Amino acid sequence: MKKNKVFSYFFILTLIISFFNVPTKTEALTCYSPNAFSYARQLMVDSKDNLYVMVDGDPIRTNGSLMPTHTLKKMDTDGNISVIIEDLPNFSSFAISPSDEIHIVTGDPTGEFKTLIQKIGQDHEVIGLDVYIDRLAIDDENNFYYGQSRIGLAKRDPSGNVTSVDYFSKIPSHEVKNDIEGNIYLYTNTRDESNLYRDILYRIDHHTQDVTSAFLSVPNASLNYLDIAANPDQIIAFAGGIGGTSKISRFNFPEQVSLNDLESELRFTVSVAIDTKGNVYTIGTPVTGSGAVNMITPAGEVTRLGEPKIEPQKPVIYLALKNQEKTIGESAEFLTEGYSCKFDHTYEWYKDGVKIEGQNNKSFKIDSVTSSDTGNYTVRVQNSAGYVESTATLTIKGESDNSGEGDSEDPSNPTPNPGGTTDPDPTPNPGGTTDPAPTPPPADDHDDVPSTEIITVDVDGENGENLNKTPIHRTTELDGSVKDNVSLPAAIAKETVEKGKNSGNETARILIPDEKDIVTETNVTVPKTSLSELKNGNMNLEIFTENARVVIPKVSLTDFNEDLYFRFIPIKKEVEQQEVMERAKKEDIVKEALGDGTIEIVGRPMTIETNLTSRQVDLIMPLLGVTLPSEPKEQQDYLNNLGIFIEHSDGEKVLVRPELVEYKNGVQGLEFTIDKFSTFTIVKMDNLDAYFDNIYNVHLPYIHGFKDGTFRPEAAVKRSEMAAMLARNLPEDTELSKVSNYKDIPVSYWGYEDIMKAKQSGIMTGYSDHTFNSQGEVTRAQMATIAYRWMKNECGEDNGSYASCSSLKDNGVADYRDVSAKHWAIEAISFMKNANVMEGYTDNSFRPEEKLTRAQAVKVLNRIFKRGPLNGVPQASFKDVSKQHGSFKEIEEAALTHSYTINENGEEDWRPLQ
C-alpha cells in the first residue's frame, strides 16, 4: 500500500512540474506587465519584509478555450519587482513559512486529491490532501494548519500525520494565517445565545500552544469578513466589510480589537499584509484602478505600489460560430465569446457582409427562420487595438447540398482570417472609417440542435411591485431536459434601480416561473456592469425559482467585481433523493443528532453552484408537498424537528436550524444563512430540536487576557474596563443620543461608546463634576452598586428575572462589621448579600473601599449575567489560572468562547463549538 502511494505522489510530482513550469500553450495572450501588480489577489510578507503578491496572469489558450492563470511576484525592500512563478492554474492561495518557504495551494489537475500544496524551489515538493482547503498556515516546525470538516482546525505534521488541534475541534475556521515567527491566527464567526453571529480572532502561541482569543468589536454594524494578517508584535491588519463599505484596520491584539478606519479611499480591499515596521499592505479599488496594491504607514500615509499596467491587444475569439441547418419556422442562434485582456470589447454582426443594426451582443438569434435568412453570418469582436471575426453559414434543409468545413476560424490562430481573405489592418481604427466587409465561408451541414424559446419574466421589488422585465432563454435539449438561461442586462438593471428608488424598493427580485415543473436546470447570470448598477443604487438582489430563493444583501456584493452566476439544479428523481438520504445517514453529525431516531427528506433537495463565495446570503427552501399540522402545538413540534442538511463542495457536512417564513402565497419555506453553496436538503429527524438546543447555546467572552498569555486575576479593575464588560452585555441598540458626554472622555477615546452605554442604562453614572475617571479603580462598594442597579433594571422589566427580585423593597440591612447603616452603598451591599451575588469575608467584613480584583469582578458579573460557572473546560486559557485556581470556572466562563449545556445543578457544562 505504501509503495502505491509513493508511486502516486511521484506521478503527481512529475505532472505538477510540467503543469506549473512548462505549460502547453497553443497561444498565450500577453496582457500584463512583468514589472507591475495588475489585478492583485493575495498579499503576504516574509521575515525580511519582502512583499509577495499573487496577481492575475496571462490566460493560456488550449484546445480552443482560455484557461485563467496566476503569477506570484515579489517586491523587495528596494522596490524591485520580480516574478517567482507564473502560469499557475487552479490557484487558491499561498502561504509563507517562518523560514520563508513559499507554499502554493491549488486544485489538483488529476482529480486524485482535492488539494495540492506545492513548495516553491528546486525540489518542487508536492503534498496531496484529500480535502479541499482555501487557506493554509505554517508554524516554525513546518506543521500545516487548515480548516477541515469534522475535526475543525487540522494540523498536519511533516510526516503527514493529521490531527485535530485541541480546543478547535468544533470551531469553524473561516481564515487561518501565520506570522513570521510561526504563531497561528484563526478567525471565525459563530452564533451567540441570541443566535447572532459574532466575530472572534484566536492566536495559538508557537512555543507554548496557549490560545488567546478576542472578540472583534464592530459597534452597531454587521461584519462581512475579508482578510487578516499579523506581525510578531501582535499588531493585526484587518479588512472587513462594514455596512456596504470596507474598513481597513490596524490594532493591537488582544487588548484593543475595535476596528478603526485607516484609509477610507481604499474600499473593497480583498487582502491585507503587515510587516515588522507596522506598514499595512492592501489590495483595493481606489479611484485610479482595480486590484491596486497600496501601503499604509503607521503615520497613515498611503503609497501606491507597482502601478498596474495592461498592454493593449486586439481581442481573440475562443468560441467560434457554428454552421447551422434549419427547417422553415425553426429558431436559429449563433453564439460566440471573445476575450480582450480586461479591455471592454464590443460585438457587431453582419449578414453577407452587411451590418445588422442593433445587434451588439455575443449571441444573435432568429426566432423563426425563413428562406430569406439563409446566408453567411459574421461576428466582429473589436476594441481600441483592433478586431477579429468568425463566420458561419445558415442553410435551409433540402434547399442546398453545399457542405463546407464548418468554422472558418481556427481557435488556435490569434488573428482569424475568415474566407481566406487578407486580415484587415490590425491597428486601431478610432477615426470611424469603414472596415472591410467580412467575407463569407462555404456552407456546412449541421446536426439537429436543441430548441429555444424566449420568455419574458418580471423583476419585482420586495413589496411585490413590478419594476421591470428581463428575458429567459428556455431550451429543450435533445434528451428532453429543459434548461433556463437568465440574464439581467445592464440597461434593465439601471432602469430597475431608478424605478426602485422612486417606489421605495431596495431589492431587485428576478422571478423565474416554472408552473409545470419541467425545468431541470436554471442558470442565472448578472454581468458585472449590471451589478455595478445595483451596487450604485444600493440595492439587494434576490433570485426566485420554484425550488429555492436566494437573497443577496447589498453588503455581500460590495467588493464583488465579476460577472455573477448561479446554477440551480433541483433533485427531482426519487432514486437520487434516496441517495442523498443514505449519504446523510452515514455522516457523524447526523448520527450524533439522530441517535436511535428516524430521518426522512421533506420537499426537494437542491444543488446550487455560484462564484459568489465567502459572502453571507439568505437561502429559502419551500416546503413543497407539505401540509403542516393544524393544531398549534403539533405544528410547532413538527417544525422544531426540521433542519437543513448541507453537503458543501469542500467536503464539509453540516446541519443548520432554519426559520419558518412565507415562501410565496400559500407556501411556507425555511430560511437560513450561508456563505458557501452546495447541496441542500430539508430533513425531518427525531431528536433534532434537542440537538439544536444544545449546539446553539454559545457564550462569547466579555473580558480578555493580556498579550503575555496571562489573566492577572488579582489585578484591580479600571472603571473603563468595567464599563466595557457591562456594555458587551447590554442590548446592541442602546441609544447614545440621550446622554451628555463626560468632560474627561472625548469621542475619540477607545471606550467612549461603552462608557456612554453604561451611563444611558443608569448603571455607571460618573461623578458630580461631570467626569468619569476612566483610569480609576473600582471598589467593592462600587461593584455592589453597579450589580444592584443592573438587577433592579432587569427586575423592573421582568419580576421573574432573578429569584431575589421579590426582596428588592425589603432586603434588610447587612450586619458587616465595617459597613455602617449610614454607608452610602448600604442598600446595594445588603441586597448583594441577600441575593448571594456578592459576599463578605470570613471575619464578617465586607471591605467596601478595597479594590475589586479581576477574579472577583467576573464572579459577580457572571451571576448578574446569569452565566456559569463553566465545568469541564479541557484546557486552561491562561497560564496564570490553572484548573486548580479557586476562580478557574468563573474566569473561563467570562473569557472563553464556548458552547454549553445546563446540568442538574443549574451550572454550565462545556461543549465544543459546532
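Mentor: Buried means under 20% relative accessible area, exposed over 50%, and partly exposed in between, using a 1.4 Å probe and protein chains only. Helices (H or I, at least four residues) and strands (E, at least two) are DSSP runs, numbered from the N terminus. This is a predicted model, in which local features need pLDDT of at least 70, side-chain atom pairs count only at pLDDT 80 or more, and totals for chains, interfaces and linings use all residues. Residues are numbered from 1 along each chain as its sequence is written, and side-chain values use heavy atoms, with hydrogens and water left out.

Trainee: How many of the 9 residues of helix H10 are buried?

Mentor: Helix H10 spans residues 752-760. Its buried residues are Tyr752, Asp754, Ile755, Met756, Lys757, Ala758 and Lys759. H10 is therefore largely enclosed by the rest of the structure, and the number buried is 7.

Trainee: Are helices H2 and H3 roughly parallel or roughly antiparallel?

Mentor: H2 (residues 490-503) and H3 (residues 528-536) pack at an angle of about 10 degrees, with their axes 8 Å apart. Axes are lines fitted to C-alpha atoms, for helices over the stretch in contact, and angles run from 0 to 180 degrees between N-to-C directions. Angles under 35 degrees count as roughly parallel, over 145 as roughly antiparallel, 65 to 115 as roughly perpendicular, and the rest as oblique. H2 and H3 are therefore roughly parallel.

Trainee: Which residues of H3 meet H2?

Mentor: Contact means heavy atoms within 4.5 Å. From H2, Ala490, Ala493, Lys494, Val497 and Lys501 take part, and they meet Thr529, Ser530, Glu533, Leu534 and Asn536.

Trainee: Which strands stand at the edges of the open sheet of E28-E35-E34-E31-E32?

Mentor: The sheet has 5 strands with mixed pairing, where two strands pair if DSSP finds at least two bridges between them. E28, for example, joins E35 (residues 386-396) in the parallel sense over 3 bridges, and Glu325 has Thr395 as its bridge partner. An edge strand has a single partner strand, so one side is left without a neighbour in the sheet; the two are E28 (324-326) and E32 (354-355).

Trainee: Which strand forms a hairpin with E53?

Mentor: E53 (residues 898-902) has 4 of its 5 residues buried, so it is largely enclosed by the rest of the structure. E51 (residues 698-699) pairs with E53 in the antiparallel sense over 2 bridges, with His898 as the partner of His699. An antiparallel neighbour over 4 bridges is E54 (residues 908-911). With 5 residues in between, and Gly906 in the turn at a positive phi of about 80 degrees, the hairpin partner of E53 is E54.
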